[in-house]
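Okay, thanks for coming, everyone. I'd like to walk you through two sheets and two pockets today. Have a look at the screen and we'll get going.

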Amino acid sequence: MAKFVNYFLFVVTILNLGFGLQVHAVPYDHSYTHECLATPIKPQYDGGIVVNPELNEGLYGWTSVGDANIKHGKSYDGNKYIIASERKQSFHSFSQKFILQKEKLYTFSAWLQVSDGNVDVAAVFTTKTGYEIAGWVTARKGCWSMLKGGLVVNTSGPTELYFESNNTKVDIWADNISLQPFTNEEWKSHQEQNIEKFRKSKVKFQAVDKHGQPIPNATVSIKQRRPNFPVGCAINQNILQNSAYQNWFTSRFKYTVFENELKWYSNERSRGSEDYSASDALVKFAQSHGVAVRGHNVFWANPADQPNWVPGLSSNDLWAASNKRINSVMGRYRGQLFHWDVMNENLHFNFFESKLGWNASTIFYQKANAIDGKTTPFLNEYNTIEESGDGTSSPSKYLQKISEMRKNGYNGPLGIGVQGHFVNENLPYLRSAIDQLASAKLPIWVTELDVKSGPNQASYLEKILWEIHSHSAVQGIIIWSAWSPNGCYVMCLTDNNFQNLATGNIVDKVMNQWTHAADLPGPTDSNGIFETSLYHGEYEVKINHPNGDAVSNLHEINLLPNYKAQDTYRITINV
């Protein structure tokens with residue numbers, strides 16, 4: 001019955017049917033745990049459209065894939081599950097078939113266990129045009145791990161869910177499986193609800209005269225001076241001698257990162273010969289315009305992105321060079337940057353671990369925190385939120401990396417950087433990935449956001465920006481669109497005359513929407529009250545008397561995320 005009620009709500013969605021009937025969407029479930037549990041938690045959405053999600057009806061609804069032998073299991077506490085054994089190939093497991101629709105967004109979850117060791121398992125959906133990986137988890141023996149993910153399909157039609165692992169020696173167990181569809185309207189409603197709850201606060205203003213009497217029909221004008229939610233854009237040294245570039249950038253952004261100028265291969269092209277002239281000039285430029293700078297990066301784990309003299313060093317020489325590097329660059333800019341990407345992309349690559357030992361990254365994070373304790377050291381990785389098919393940097397793997405660093409002795413501050421180089425728009429996977437990362441309770445920034453060129457580039461960018469902004473765990477966004485005469489890394493926001501491209505128009509549009517209330521300016525009611533919902537940030541407020549002549553003094557207010565609307569701002573017009 002519960003499943004039927006949920007399905008009914010899903011089908012009807014948020015619609016005003018013209019009869020005053022308001023029906024609410026199925027709420028989105030942000031919950032996730034990285035803990036491995038003795039008993040799995042009940043399926044999200046009661047399983048959604050999955051048949052027999054808790055395996056309480058034997059193997060009903062489930063079939064085998066390939067040569068796998070599937071059977072029904074039951075634990076000592078009565079919990080029931082499905083087992084795939086005698087697997088000959090990675091995809092040999094169990095499956096269930098669905099009809100998925102192109103217009104829908106699907107969120108997926110399941111609880112998995114394996115018969116031996118720790119094994120990476122993916123949830124895969126076959127489609128008419130190929131397959132989509134919904135998510136990954138490292139499943140373990142003896143306890144249940146939660147896999148969370150999501151997908152969209154590019155054509156409507158039949159699909160088949162199965163579970164895949166390259167380790168064919170283990171049995172795969174699954175329980176409490178859920179696949180929940182949402183309409184675009186429902187998905188947007190989740191975003192709006194989160195924004196109202198986490199990004200905005202309700203505020204009351206009262207206009208009064210010099211005797212304290214309320215003034216009806218006064219006009220309240222509010223201007224945001226600085227948003228609380230940071231949105232920035234990368235720059236490079238091309239900006240230093242280009243006034244048009246400077247004007248375009250400084251009129252929009254108060255946060256930045258340097259494209260290449262703080263990387264080791266830029267600062268020390270030959271051993272012992274350091275050059276910080278470009279980065280010094282960029283820091284000076286940013287500071288002169290009140291722009292905060294992320295540090296990117298102290299080290300890069302990719303062997304292809306070292307200064308050309310580094311890969312051939314002995315272990316002792318590399319330690320010496322690395323210690324000099326971290327002390328030099330972090331000491332030089334101590335207290336001037338608000339983040340440092342200490343070891344870039346160390347889920348995909350392990351250059352320093354391969355040369356210096358398994359604990360190299362942890363040691364560098366300890367050194368970074370000791371050198372500049374006021375700047376948060378970040379991990380920074382690609383394909384964690386933007387590419388479901390890359391199991392190397394899945395949210396599960398990212399959380400494992402954080403756990404390893406803690407176990408290896410780094411207990412200082414830490415941030416989660418997710419680059420966000422998007423090719424396609426998979427909002428369910430994006431949302432589920434941030435849900436998972438949020439379980440670490442660390443600051444999360446999208447650090448290098450761009451979208452691959454194509455006919456849908458601008459529309460994808462807009463949807464992705466709204467999705468990221470609506471998630472309460474994300475603390476800021478940096479767009480990876482530093483301009484060069486020959487083009488940008490992937491996505492430019494302007495042409496070479498600094499006229500906005502479609503992507504630039506989207507960024508302007510979205511930033512404008514995130515800084516203004518829809519009903520401003522607005523009139524006070526009969527009690528002199530005007531109430532609105534404002535994005536968090538710093539504001540200037542003034543109130544004009546209805547006679548059109550008198551106006552209040554300018555008032556400054558700062559709305560923070562923990563603001564509670566208990567009091568009313570009383571603003572006097574001297575009449």
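Quick bit of vocabulary before anything else: when I say two strands pair, I mean that DSSP finds at least two bridges between them. And please keep in mind that this is a predicted model.

With that in hand, let's start in the middle of a sheet. Strand β6 and strand β11, residues 157–164, pair in the antiparallel sense, and there are 6 bridges between them. If you want a spot to click on, find Q96, which stands opposite L161 in β11.

Now the other neighbour of β6. Strand β6 covers residues 94–100, and β3 pairs with it in the antiparallel sense too, over 2 bridges. We can name the residues here: T63 has S95 as its bridge partner in β6, and S64 has F94. How much of β6 is buried? Mostly it's covered, with 5 of its 7 residues buried.

Zooming out, those strands belong to an open sheet of 5, and the order is β3-β6-β11-β8-β9, with antiparallel pairing. Why do β3 and β9 each have one side without a neighbour in the sheet? They stand at the edges, β3 at 63–64 and β9 at 130–140, and each has a single partner strand, so one side of each is left open in that sense. There's a helix on this sheet as well: α9, residues 395–407, packs on it and touches β8 (118–127) and β9. The direction of α9 makes about 30° with that of β9.

On to the other sheet. This one is also open, has 3 strands in the order β25-β13-β28, and its pairing is mixed. The edge strands are β25 (529–535) and β28 (569–572), each pairing on one side only. Ignoring direction, neighbouring strands here are turned by 30° against each other on average.

Let's look at one of those pairs. Strand β13, residues 200–208, and β25 run antiparallel, joined by 7 bridges. One position to look for is F205, standing opposite F530 in β25. Which helix packs on this sheet? That's α2, residues 184–199, touching β13 and β25, and its direction makes about 60° with that of β13.

Hold on to α2, since it comes back with the pockets. The largest pocket has a volume of about 710 Å³. It's lined by 31 residues, and the closest to its centre are Q224, R226, P227, F229 and T515. Which elements give two or more residues to that lining? They are α2, β14 (219–227), β23 (474–479) and α12 (502–513). Of the elements, β14 gives the most, with 5 residues. By type, the lining divides into 12 nonpolar, 11 polar and 8 charged residues.

Then the second largest pocket, with about 600 Å³ of space. Here 23 residues make the lining, and V152, V153, N424, E425 and N426 lie nearest the centre. Our edge strand β9 turns up again: β9, α10 (427–438) and α11 (457–470) each supply at least two lining residues. The largest share, 3 residues, comes from β9. This lining divides into 9 nonpolar, 6 polar and 8 charged residues.

So, two links to take away. Helix α2 packs on the sheet with β13 and β25, and α2 also gives residues to the lining of the largest pocket. Strand β9 is an edge of the other sheet, and β9 supplies residues to the second largest pocket. That's me done; happy to take questions.

Definitions and conventions: Residues are numbered from 1 along each chain as its sequence is written. This is a predicted model: local features need pLDDT of at least 70, side-chain atom pairs count only at pLDDT 80 or more; totals for chains, interfaces and linings use all residues. Side-chain values use heavy atoms; hydrogens and water are left out. Helices (H or I, at least four residues) and strands (E, at least two) are DSSP runs, numbered from the N terminus. Contact means heavy atoms within 4.5 Å. Axes are lines fitted to C-alpha atoms, for helices over the stretch in contact, and angles run from 0 to 180 degrees between N-to-C directions. Buried means under 20% relative accessible area, exposed over 50%, partly exposed in between (1.4 Å probe, protein chains only). On a 1 Å grid over the protein atoms alone, a cavity is a set of points where a 1.4 Å probe fits but cannot get out, and a pocket is an open set with protein on both sides within 12 Å along at least five of seven lines; lining residues have an atom within 4 Å of a point. Grid points are joined across faces, edges and corners, and a volume is the space filled by probe spheres set on the points. Ala, Val, Leu, Ile, Met, Phe, Trp, Tyr, Cys and Pro count as nonpolar, Asp, Glu, Lys and Arg as charged, and the others, Gly among them, as polar.
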